[in-house]
Amino acid sequence: MNGKRKNGESITERFCKRFDLPADIASGGLTLELRGRNNLLLCGCREILAYSTERIVLRLAKGQIAICGRSLVMTAYYDGQTGIDGEIYSIELTPAESDRC
């Protein structure tokens, strides 16, 4: 059994439809929660690519995310969940090479 029904939907797709959830949440995709301009919570990070007080770059399942600002500090990094504090100026998402236009 491959987890698909006759209509071709996976168990994850059915679960997300049933509970009205975005599909990328259940599949380990990126979720962001920005609280003001000084606190960011991310889920779905795979690796720290660059880290300084002015720029933090993280690898995602499909691409990467860069957070730019001043006095940035990672307050947590565990099991794909990341907390970042500091003055956040910008958040930039870059798709993986295969997902680019």
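**Close-up views of a predicted chain**

Among contacts between residues at least 6 apart in sequence, 35% join residues at least 24 apart. The legends below describe a predicted model.

**Figure 1. The whole chain contains two helices and six strands.** From the N terminus on, the elements follow the order α-α-β-β-β-β-β-β. Of the 101 residues in the chain, 28% are buried. The accessible surface is about 7100 Å², and carbon and sulfur atoms account for 51% of that surface.

**Figure 2. Confidence differs between the elements of the chain.** The mean pLDDT of the chain is 84, with 80% of the residues at 70 or more. Strand 6 (residues 81-94) has the highest mean among the elements, 96, and helix 2 (residues 23-26) has the lowest, 60. Where pLDDT is low, the predicted coordinates should not be read in detail.

**Figure 3. The largest nonpolar core has 12 residues.** Its members are L40, L42, C45, I56, L58, L60, I65, I67, L72, M74, I84 and I88. At least two of these residues come from each of strand 2, strand 4 (55-60), strand 5 (63-78) and strand 6. Strand 5 gives the largest share, four residues. In soluble globular proteins, nonpolar side chains tend to be buried together.

**Figure 4. I84, a residue of strand 6, belongs to the largest nonpolar core.** I84 counts as buried because its relative accessibility is 0%, under the 20% cut-off. Setting aside residues up to four places away in sequence, I84 touches N38, N39, L40, L42, I56, I67, L72, V73, M74 and T75. One of these, L42, is 42 residues from I84 along the chain, and the two C-alpha atoms are 8.4 Å apart.

**Figure 5. L42 is another member of the largest nonpolar core.** Apart from neighbours within four places in sequence, L42 is in contact with L30, T31, L32, L58, I65, I67, G80, Q81, T82 and I84. Among these partners, L58, I65, I67 and I84 are also listed in the core.

**Figure 6. N39 is found in strand 2 (residues 39-43) and makes a side-chain polar contact with D85.** The contact between the two side chains is 2.5 Å. N39 has a relative accessible area of 19%, so it is buried under the 20% cut-off. Beyond residues up to four places away in sequence, N39 touches E33, L34, I84, D85 and I88. Of these, I84 and I88 are members of the largest nonpolar core.

**Figure 7. C43 and C45 do not form a disulfide.** The closest cysteine sulfur to that of C43 is in C45, at 7.8 Å, which is too far for a bond because a disulfide needs sulfur atoms within 2.5 Å. The structure as a whole holds zero disulfides. C43 is partly exposed, with a relative accessible area of 32%, whereas C45 is part of the largest nonpolar core.

**Figure 8. S71 has a positive phi, and D79 has a positive phi as well.** S71 is not a glycine, yet its phi is about 55 degrees. The phi of D79, also not a glycine, is about 55 degrees. S71 is placed in strand 5, while D79 lies in the loop between strand 5 and strand 6. D79 counts as exposed because its relative accessibility, 66%, is over 50%.

How values were computed: Residues numbered from 1 in each chain as written. Heavy atoms only, no water. Buried < 20%, exposed > 50% of the residue type's maximum accessible area, 1.4 Å probe, protein only. Polar contact = N/O pair within 3.5 Å; in protein donor to acceptor, adjacent residues only side chain to side chain. Contact = heavy atoms within 4.5 Å. pLDDT = per-residue confidence, 0-100. Core = buried A, V, L, I, M, F, W, Y, C linked by side-chain atoms within 4.5 Å. Areas by Shrake-Rupley, 256 points an atom, 1.4 Å probe, with all protein chains shown as cover.
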